[in-house]
Amino acid sequence: MSVLCCALSHFVRSNCKFPIILSNKIKYTANMGKKSALLLIADGSEEMEAVITTDVLRRAGVDVTIAGLTESSCVKCSRDVKICVDAKLQDAVNQKYDVVILPGGLGGSKAFADSAEVGKLLQQQEQENRLIAAICAAPTALKAHGIAKGKQVTSYPAMKDQLTDYYKYLEDKVVTDGNLITSRGPATAFAFGLVIAEKLIDKETADNVAKAMLYTE
């Protein structure tokens, strides 16, 4: 089995046998000059959604911390890709973030839904009027924790029936309703990241990132 440890534009190692240097390792302690994002990840998370969203936001100048739910330094994603985290969730939650992001993947989304710590983080984020973003299956975790009831959302199509009784369901690529951003799946992760970047910073920054990546709608 081929395993990829991704450090998002930095050092890449297989099987996590070597130390990985991350641009913001331990940086979650503070970088007050930038917008900040906390991207959660768990075993079974969708790796494309996690990596693409993180990469797009870092290109936009957002300080992204990838936090794992467990004690493990690397997380095994839905297609057996391993991503090494910047921090454990229990440590990362000691500061506030401009956006909390949940990638999809069935296993990861279930872990988010089952985690009281994730629920507390999301509820505080919502109460303090800061951004929450979820893609693919992850909006089901928002529902599990009572987040954004009645708002407009989208998700991976197979999750639709689990969400229509709690949200106003749309089938757009990315849906923004106030401080909630949702999206559909791996192929929409670029658009998802760019919408978050636009919301956090501005449209010009998001457009410049899209142009540099040769991204077109």
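## A walk through the structure, starting at Cys136

At 8% relative accessibility, Cys136 counts as buried, because that label applies to anything under 20%. Please keep in mind as we go that this is a predicted model. Cys136 sits in the loop between β8 and α5, and its backbone deserves a look. Most residues other than glycine have a negative phi. Cys136, which is not a glycine, has instead a positive phi, near 70 degrees.

Asn129 makes a good companion to it. Asn129 also has a positive phi, of about 65 degrees, although it is not a glycine. Its place is in the loop between α4 and β8 (131-135). Is Asn129 buried or exposed? With a relative accessible area of 60%, Asn129 is exposed, because the mark for that label is over 50%. So β8 is preceded by the loop that holds Asn129, and followed by the loop that holds Cys136.

Now let us step back to the whole chain. Its secondary structure comes to eight helices and twelve strands. Of the 217 residues, 51% are buried. The chain exposes about 10100 Å², and carbon and sulfur atoms supply 51% of that area. Contacts also reach along the sequence: among those between residues at least 6 apart, 65% join residues at least 24 apart.

One helix shows how a buried side and an exposed side can be arranged. In α3, which covers residues 106-114, Gly108, Ser109 and Phe112 are buried. Why do they lie on the same side of α3? They cover an arc of only 95 degrees around the axis, so they share one side of the helix. The spacing follows a general pattern: an α-helix has 3.6 residues a turn, so residues three or four places apart point the same way. And what do the buried residues of α3 pack against? Their partners are the strands β2 (36-41) and β7 (99-102), together with the helices α4 (116-127) and α5 (139-144). On the face turned away from this buried side, α3 carries the exposed residues Leu106, Lys110 and Asp114.

Two loops come next. Glu71 is found in the loop between β3 (63-68) and β4 (74-76), and is exposed, with a relative accessible area of 54%. Leaving aside neighbours within four places in sequence, Glu71 is in contact with Lys88 and Gln90. Glu71 and Gln90 are 19 residues apart in sequence, and their C-alpha atoms are 9.3 Å apart in space.

Lys149 lies in the loop between α5 and β9 (152-153). This residue is exposed too, at a relative accessible area of 61%. With neighbours within four places in sequence left out, Lys149 is in contact with Tyr166 and Tyr167. From Lys149 to Asp165 the separation is 16 residues in sequence and 9.5 Å in space, C-alpha to C-alpha.

Our last stop is the largest pocket, with a volume of about 230 Å³. Of the 13 residues that line this pocket, the closest to its centre are Leu194, Val195, Glu198, Tyr215 and Glu217. Which elements give two or more residues to the lining? They are the helices α7 (189-200) and α8 (203-212). By class, the lining has seven nonpolar, one polar and five charged residues.

Notes. Residues numbered from 1 in each chain as written. Predicted model: local features only at pLDDT ≥ 70, side-chain atom pairs only at ≥ 80, totals over all residues. Heavy atoms only, no water. Helix = DSSP H or I, 4+ residues; strand = E, 2+ residues; numbered from the N terminus. Buried < 20%, exposed > 50% of the residue type's maximum accessible area, 1.4 Å probe, protein only. Contact = heavy atoms within 4.5 Å. Areas by Shrake-Rupley, 256 points an atom, 1.4 Å probe, with all protein chains shown as cover. 1 Å grid on protein atoms, 1.4 Å probe; cavity = no way out; pocket = protein on both sides within 12 Å on 5 of 7 lines; lining within 4 Å. Points joined across faces, edges and corners; volume = space filled by probe spheres on them. Nonpolar A, V, L, I, M, F, W, Y, C, P; charged D, E, K, R; others polar. Arc of directions from axis to C-beta.
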